[in-house]
Amino acid sequence: MREPRDSFLSLPFTRPWEKTNYGKASRDVTGSSIVKEAHDCSGARAGYRTAAGRLHNPNHSKSPPRPFNQSSKVNMGGERFNPSSSAYPTHSFAPNPSFPKIHNLDIDHLRAFTANGGQFEDCNLPAMMYDFRSDEEKYIELEVWSAPFVGVGRERESRPSFDEAMKRAEWRKARKGERFGPSWSTHWFRITLRNLDQILRHPAADQHLELHFDCEGEGAVFTPEGLMLQGLTGGGGGDRRVEFILPEAWWSSSSSPTSTERIIYIEAAMNGMFGVPCGDQISPPDPNRYFELRTADIVVPNMTAWRLFWDYTIIADCARELGGWEGEKALGVATKILGTFRRGKKECLEECREVAREFLGGGVDGAEVYRGEGKGEPLVFGIGHCHIDTAWLWPFAETRRKIARSWSTQIDLIKRYPEHRFTASSAQQYAWLKEDHSSPGGLYHHLRETIHSGAFTPIGGTWVECDTNMPSGESLCRQFLLGQRFFEKEFGIRCKVFWLPDTFGYSSQLPQLCRLSGMKYFFTQKLSWNNINKFVYTSFNWVGIDGSQVLCHMTPSETYNAQAHVGDLIRSVTQHKNKGEDPSSLLVFGNGDGGGGPLAQMLEKLRRCRGVSDTVGRLPRVSMGGSVDQFYERLEKRTEEGKTLPNWVGELYFELHRGTYTSQAKTKKGNRLSEFLLRDVEFFASLATIYDSKYEYPKKEIDECWQMICLCQFHDVLPGSAIEMVFDDAAAFHAQIWDRGQRMLASAFKVLGMSSHPSKHTPLAGVSTVAWPRTEVVEVEEEIATSVDKSVVFEQQSGKKYVVLSTESTGVSKVEKKEVQQKGITKEVTVEEVEKGIFVLNNGVLRVKVENGHVTSLYDVEMDREVVAKDGKAGRYVIYDDQPLYWDAWDVEVYHLTGPRTYLDECKTTIVEEGPLRASLLVESKISEHSWIKTTISLDAVLSGADYTHKTTFEKALPMLSFDVEVEWQESRSFLKVEFPTDILCDTASYETQFGINKRPTHFNTSWDAAKFEVVCHKWADLSEHGYGLSILNDSKYGFATHGSTMRLSLLRSPKAPDAHADMGRHHFRYAMLPHRGSISQAAVVRAGYNFNNPLRLRYVPVQDEKFDSLKDLLKSIWIEGADNVVLDTIKRAEDDTDVVVAAGHRPTSCSGTKNKSIVLRLYEAYGGKTKVKVVTTLPVVKATEVNLLEDEITVLDHKRARMDHVTSVAVDFPMGAPEPPCPTFRFFASGFVMILITFFCAIFGFRNGHPLRCLKAKPDITKRE
């Protein structure tokens, strides 16, 4: 560090033996130099300054200055000067010389004092941290039982519970240094502690005793009664937690005079906090890793040294981080501590702490430090957190144990640190803890007590911290419904903050869903990971697709795993992007991802940081003891209910992890299939409860299936960024959902008189659950085709059999004779090979040319309009090199678009179906020696009853060209897409999202536009110019890109980490090109997406006309009129109906005590406009109520009965831009949606002549909560 120059003059040094004039520099024989100051104006000496800059001024003495010596010599300047009388020493030098500060050396010196390990460890503070340590058998005895490891796929069996382990255990001696494994196995240790009171008889020992246990993996401490006390994390790193404080009652002779030994149990898991990666953290797991028992010791820590350690750590941090005079003061105090410390002398420890108080102040050993007066109000609000990925680098079964380990530890910390407030999300994790630890007096009991005290706060309000890009709108509704109702039932609370710190982007529909779930606050930090643009706000209003808004805060420390360092507090202010509106911020601290949560030292460090703020200043004041809700309420109040904060409108697009829209295609397909299956199950089961009072609504099974769907939508599962074991589990969950869903459907169909199995002369019918008419060509499976009258089935030359089906809204329609079906065929479809390798499919409306397997022309005959770009090849497969910077399964980088690519242009094309109902081509493409694609391109006949010929607003829709694809995929780090170059020009493209549409740029004008080079869509994406457009439909894909006029659907990736076999194997999926005239609303693209994903079902129906008519009337007993842009998405039973509550296995409550039955209808405006719609039903309505997502009553709706025993209608208004009324009143904006709960009198209910029996007596509504 450069020293300051003299105030008046700079004087050169001279040799020690040289005579010097007064006012010049001299050096004594020791080489110590000084610089003499010039005289002041009165002639008195102003003193001299050492080279270190310290001023020595004799005038500070009380004695008068010496008189001028007349006999002194006169120097060349005319001044008199007497060397013999000078105070300057000739030969001696000061006993404590001051050397110049060399800042970097001083800072490096600070680190050594607390460094663990290294050659000087025995010289510094770590050498004095423990007064006693022993692994002698006279104090501690180890025994172990290794649970049988049954391997991958049966993980729960390899993780026996405490009770199971105690029944099965066969104990043997264990020793330190022994190795245990393999990966994912479990080993139970029985530890006998003896003679504990003898250890503490030494007068120098602190009255504090610990067990240190390190098996390199994770573990948990249990009492002999099976109560989990605390989690353990072995190995090295900042998440290390190997200390278990022994309760005083275990070793105090006064507390337990007759006890000579104690037994505890430790469950040791052979995996680390982040699984068992083979090398890099995200590498696939090593299945054969073994772990060493490094430590099993009884320890007496020196608590004074331990506290000094954190005193010094914070002071040294301040010296490094603060700068200015405060940083210099911190450096000075830390250096003084080093000077006070004497190796091996315990008495010096308290002396060092006394020095530390110069900078920290007093009171840092307790929570009272937060009650101290300081400079300014607190700016940083600390909250303990433990982000536990519900599955990631470990399977679901291990997460269940991580939860218990982490939360038991936090409950213990809360007892020791009264200021500690902890929050954790995900109702699923609480439900698992209840399943695993709900014995009387067990961990779940202690959790409930801690929650009721206010120290432990459930947060988030959803079943898991889900992905929000890909789940359907109804799935997100169920996330909130399941989560909020669980928290309310178990703890009597509803969450106010939607908590998603680690999810990969945030849907534009979330603000509306949050408000309808009783939440108006939102927290994340993930956008700080953006790799192109830095997000612009910290605290802001997030405005959703319908105009709903939530108050959002993104912690400026940019982590949900803060370590409570000084730097975390500093960044909480320096990185706050809109301090002008309000500078406060949340500090979310604790070890996360793999669990653990805050460590004791984090709470100690925060106490000391507060002490620094109140004593020295400069460091932002941190406040502890408040909840997250309180932080947001304070922020809301200080910003005038958010009015002074900026707004962000639309999706919070995450500029990273774009590959997650495509990775793990089978999991994504399982998700889409499960969502549509449960939609149909609830529809038919709801109507079955009305049709037959003896039918029991399968509420418990439906809830369990939705819980599995929501679980698999966790933000590392559905996005495809977990290990292979997780996706094996997800596949099993989806298979279970499919099997149970099919059984529930069969049960409901049986009640309704339908079956999937034929009986004698049983008519075949098509069944639709969408709320609009549809006419389609439906393929008939061979098993069905052989059992029905051949007069109703068309057989093409290929041998495939089809029928033409038309259904009304949510209805059933018998398959008519072929001659009747024939009348519905306006134009048949043909296919021919016009030249070698060139094929033309034509149905009179569309003419399609396929050359070498690619669509080179998609021609709208009536409009004389070409859809495919000139020289373009639609449906062309392209494979990109896919090597991201690091996050393999997560990322696809923008440079893949400009890097090497391979087009699959060598194809074999053959005709497989020639019409008249469907014409098809089979295109076979070879990718490599082990990979290939088979694509069936099909065009159907034009049907008179189809949407595109209705005399409605949908008259401008056209037939679609469908692609049915089978892929054998064995590639490595390659990205398969299919592209569609179009003759359409528009600067934005439209993508379906939950209950609405997102528009995104097709250009790269700005870096914000360029960042969206890969985006998410649901069932369709669309590129339209005025009067014409093209939609690409899909049945299981989510990744998409539109660059200029070229559209690309992302199909498959092949990352190698963390799943080495991601996407390998056989895949089946479908997509389609849907050209349309007019806008997407005029073309009914939303309806086309539903139809494409939910084909008409073929079922056998009653022979008798009367029974069939009753069934037909029931299935179309609820419909909507007056607005084509409103979609009736969901029909389900209400949560609190008595029969539903009982069916779920719960006791009825006072709010579910009548025999009325209620059905919830979920409707939404699809295209972004205002409208009015009428909900019409033939069911006998007692009451119609608008409800929120949790099915709380918002307002009672007027319902008019057109005919007393037949039709009831409910008018619903969807205005755009209405002013926001006070919560909880719901606003019906464009792209908004509404839930209507309709209560029917159904105590005795039947059908006669197709109409419901007249209800003569209205019953009170029972849906309102108390």
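Biologist: How many disulfides does the count come to?

Modeller: The count comes to zero disulfides, taking a pair of cysteine sulfur atoms within 2.5 Å as the rule. Keep in mind that this is a predicted model.

Biologist: Let's look at two cysteines, then. Is Cys477 buried or exposed?

Modeller: Buried means under 20% relative accessible area. Cys477 has 2% relative accessibility, so Cys477 counts as buried. Cys907 is at 17% relative accessibility and therefore counts as buried too.

Biologist: Now for empty space. How many cavities of 30 Å³ or more does a search of the whole structure find?

Modeller: The general idea first: rolling a probe the size of a water molecule over the atoms shows where empty space is left. Here the search finds 16 cavities of 30 Å³ or more. The largest cavity has a volume of about 260 Å³. It is lined by 23 residues, and Ser472, Gly473, Lys1019, Tyr1090 and Asp1129 are the closest to its centre.

Biologist: Which helix gives the largest share of that lining?

Modeller: Helix H16 (665-691), with four residues. By type, the lining of the largest cavity divides into nine nonpolar, seven polar and seven charged residues.

Biologist: And how do I check the length of a helix?

Modeller: Take helix H17 (residues 699-711): at 1.5 Å a residue, its 13 residues should span 18 Å, and the end C-alpha atoms are 18 Å apart, which agrees.

Biologist: What do the buried residues of H17 pack against?

Modeller: Those buried residues include Ile702, Trp706 and Leu711. The buried residues of H17 pack against several helices, among them H16, H11 and helix H18 (724-752).

Note on methods:
Residues are numbered from 1 along each chain as its sequence is written. This is a predicted model: local features need pLDDT of at least 70, side-chain atom pairs count only at pLDDT 80 or more; totals for chains, interfaces and linings use all residues. Side-chain values use heavy atoms; hydrogens and water are left out. On a 1 Å grid over the protein atoms alone, a cavity is a set of points where a 1.4 Å probe fits but cannot get out, and a pocket is an open set with protein on both sides within 12 Å along at least five of seven lines; lining residues have an atom within 4 Å of a point. Grid points are joined across faces, edges and corners, and a volume is the space filled by probe spheres set on the points. Helices (H or I, at least four residues) and strands (E, at least two) are DSSP runs, numbered from the N terminus. Ala, Val, Leu, Ile, Met, Phe, Trp, Tyr, Cys and Pro count as nonpolar, Asp, Glu, Lys and Arg as charged, and the others, Gly among them, as polar. The expected span of a helix is 1.5 Å times one less than its number of residues. Buried means under 20% relative accessible area, exposed over 50%, partly exposed in between (1.4 Å probe, protein chains only). Contact means heavy atoms within 4.5 Å.
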